[in-house]
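This text is a short guide to the structure shown below. Please keep the sequence and the model in view while reading.

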Amino acid sequence: MSTSTPPRLPDAGHVKQMAEQLWSHVADADEHAATDLVLRMLDEGTDPESVLLDVIAPVQGRVGEEWAANRISVAQEHAATAINERAVAAVSVHPAARTTVTWGRVTVACVDGEWHALPARLLAEVLKLRGWQVDYLGAQVPTPHLIAHLHSTRADAVALSSSIATRLPTAHAAITACQSVGVPVLVGGAAFGPGGRYATLLGADAWAPDARTAADRLAQGRLPRPETDHQQFDDLPHLGDQEYSMVARNSASLVRTVFTTLEDAFPAMRSYSDLQRERTAEDLAYIVEFLATSLYLDDAELFTWFITWTAQILAARGVPAHSLPPALDLLARELKDFPRAGRMLRAATHTLTTAPSTAARNTA
Amino acid sequence: MWWLVDDTDHQLAREALHMERERTAFLAKASSTLLASLNLGRCMDVTAQMAAESLADAALTVAPARGGRLPVVTCLRGGAPAVSTLTVDPDDVPGLGEALRGFPPVPSRWIDPATAPAWMVPEGFGPVGSIVVTPLPGHGVPAGALIMLRKAEAAAFSDEEEVFTRLFAARAGAAMSAARLYAEQTAITDVLMRELLPPVLHQISGVDFAGRYRPSADHERIGGDFYDVHPAAVEGEASLVSLGDVCGKGLEAAVLTGKIRNTLHALLPLADDHQRMLRLLNSALLSSHHTRFATMVLASAVRRGSTVDLRLTSGGHPSPLIIRADGTVEQADTHGTLIGALPNISATTVEASLAPGESCVLFTDGITEAKGGPMGNVLFGEERLKRALSGCAGMPAEGIVEHVQMLAAQWLGNRPHDDMAVVVIATPRTHHLSAVNGHTRGRYTA
Amino acid sequence: MTTHPHPLRLTTVGIQDSVRIEVQGDVDYDSADLLLEEVTAQLAARPALTDVHLSCAGLGTVDSMGLSALLMVGRRTTVAGVRLHLDDRPAYLDRLLELTGTLDYLTAPVPSGAAEPSVTEERAARPTGPDRPT
């Protein structure tokens, strides 16, 4: 979430107050009050970019925090997001947001599997305000669609958004595919890690922590045309050990095995309702997914962070996290022939058992 | 024997070898860069830029004219390619008209710099020494021409350089014509697709509509699921929603989908009688040659005061689910025969009423039959869908649609799936009646 | 589903005026044609046929193309005046047929060629059909 104050802003306090008001409308699921507020700000002459990034974006950030703290449900998160989307749409059609194209053309898309479209949508609107011709492809864009789009348009760059780290292997495929047709890629979103470390690892041409920085970066000048004969596997030599592909391919059977063994070890699990059992299986599936991603990136820290975060999320929902270490232990036993996976699982267990309640990193 | 070789010749041979290596590397780079893109503009950029870097002081790529306008990319050595569209007659430049026609092939042609039109010489280039126009031969279609300029102080193009230029031109021409053919093909499919893609939904006469569609395969944008919302011809009457699933997949399914949507559109005057509509549609689709069918739900929705009145009819399709304000999820009790395969069909229509914040969810079986979950082999199923919807009471229509599609997508993971379509009809939660009079629609919908 | 865990296998046994086809595996987009071809071939090869039994105990998944093929089988047997029996139906097949309103059509006790006035061109598929002794 960006907290920087743009120079054009007449009254930062007012904007903050408006963000607070918008939050209350969003929390009430009052779509009309939310759009009215945004339109009123624009009518009063507030810079549209500031409405998008200093009012709507912080509210969306807060939606995620409220979910993590179990103060709203996933369904409510979607309701809030839908209202924010409407607010963005209201900004985009307001006369104050009318611009002419003075720069080149940019394609803005979310990685396949990425459902959090709002950050990409905000960037698309900001780029339009700054005079770019923008093709906004939305959430969950399959890489073949993205490439077909690039073949039929003359985009100067692709801006690719992803918020969840587990989409990074897919993001890597998308980045390299765009580059292979000669279009440079700017990436953004929480998935790319603190300081955009995974953006560099996955060979993105540029990274930006937020929409304003992304727009500034694109304004600095053309991103250089990527080398088209680059090979994806050059970037991640550790993938040669096949640990990632084995874990990713067998994730469902790993979850099944660990689930059944856990049930034997924890007789209490047998009294779980179907819903509780499914939640438990889902938690295991996430763990395996994050393990696979950490293997892909060769980053044990990512896995440890996820496990610590999961422990916190479970605690916020009143679920005791004491089943996590045995689950990790069972996974390690299943993956005993996988040295990298074993090291990651042990490191995470160590952190869990020594400092159970501190997360290494913010979720945003 | 090598020691008898004259030292000057030896030096020359080394230089020639070096030059040959550089040229081979240049052609290899040209091939890999040009073949990577199927975009005509990008191919023109690359051609002009590479020519300006290695063969001349400036280069222009010219594509065949469209409607009397000539697309041109100009690039100075060390500069970035610049795009322009010129209203000029290529036949005014000797050799350019023939080169752009492509066939029969013509050789490169020298132009007297004094007769060159102003548009050919990039700004700030200075006095021109020599100009050569080289055709870019394509896949049996005209691909364009390459114009190269050298400064007055530079040497003119040698015969050898000209031969080499033709090798480069052959690669550039092949890339440009492939891009052009691709663009023509996609333009045709795009026109067809536009008709077949589901529409973007919004509020109509005080009723909220939202829909979302995910085709089965990543490479397809259309398939067997469809939905439409037809606003009432007269204000105060019901809008008609149709959502359905055509058997099969790919283009064949898409064609049947198009036929169904067109027929339903033509039957709109009968929209107050769902069963008659379905019977007529059924006989329109019946064919002696196949038993391809569709299953579908028709929903008529009209705002009355603060509620929305619904009539729902299923033609062999999973029944719609209604989310009440307290989170109860009801299944609409409508059943019927699939459409298009049997001579006689029957269907029942049910009525329902949606209070503010309540909604009705229409979906295709791609959602309920999504196979996956944490264990990898479980159907998403109607019960799981109902459970998810019970948490959606009071949500905006778009939010519910997004939520359902996201849950199904997460359930699937990376596994293959069928088409998935969801439409939500909802009564707006707030009594914001200005939304009903129609004046504000433009502001609230993008 | 594009994965193919249960490829379709058909085993046909003919006894006098009745034929029994054991259907094992998925009847879907990729395989539905095979079932239709087999039934059509049997109808053409055995003019005196009175009953076609599809034994469904080993049936895998049936997708919309599979259902479409079953409906075509139903149409062709009806036109030929042959009784179609879907034996040992798994519960989910019944659910699918009920949902789509096709259960009665596919499991009707007595065939009646007259019920299909709009598809009579189908007779060509089996020229001897209408004249067969009952």
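The paragraphs below deal with chain C as a whole and then with a group of strands in chain B.

The model is predicted. Chain C has 134 residues, and 39% of these count as buried. Its secondary structure consists of five strands and four helices. Followed along the sequence, these elements of chain C come in the order β-β-α-β-β-α-β-α-α. The contacts of chain C can be sorted by separation in sequence: taking those between residues at least 6 apart, 78% join residues at least 24 apart.

In chain B, a good place to start is strand β5, which covers residues 128-137. Is this strand mostly covered or mostly open? Of the ten residues of β5(B), eight are buried, so the strand is mostly covered, given that a residue counts as buried when 20 or more other C-beta atoms lie within 10 Å of its own.

Strand β5(B) pairs with two strands described here, β4(B) and β6(B). Strand β4 of chain B spans residues 109-111 and runs antiparallel to β5(B), with three bridges joining them. In this pairing, W110(B) has V132(B) of β5(B) as its bridge partner.

The other pairing is with strand β6 of chain B, residues 142-151. Here nine bridges join the strands, again in antiparallel fashion. One bridge links P135(B) with A145(B), the latter lying in β6(B). Strands β5(B) and β6(B) form a hairpin with four residues between them. In that hairpin, G140(B) takes a positive phi near 75 degrees.

Methods: Residues numbered from 1 in each chain as written. Chains lettered and ligands numbered in written order. Predicted model: local features only at pLDDT ≥ 70, side-chain atom pairs only at ≥ 80, totals over all residues. Buried ≥ 20, exposed ≤ 12 C-beta atoms within 10 Å, placed from the backbone. Contact = placed C-beta atoms within 7 Å. Pairing = 2+ DSSP bridges.
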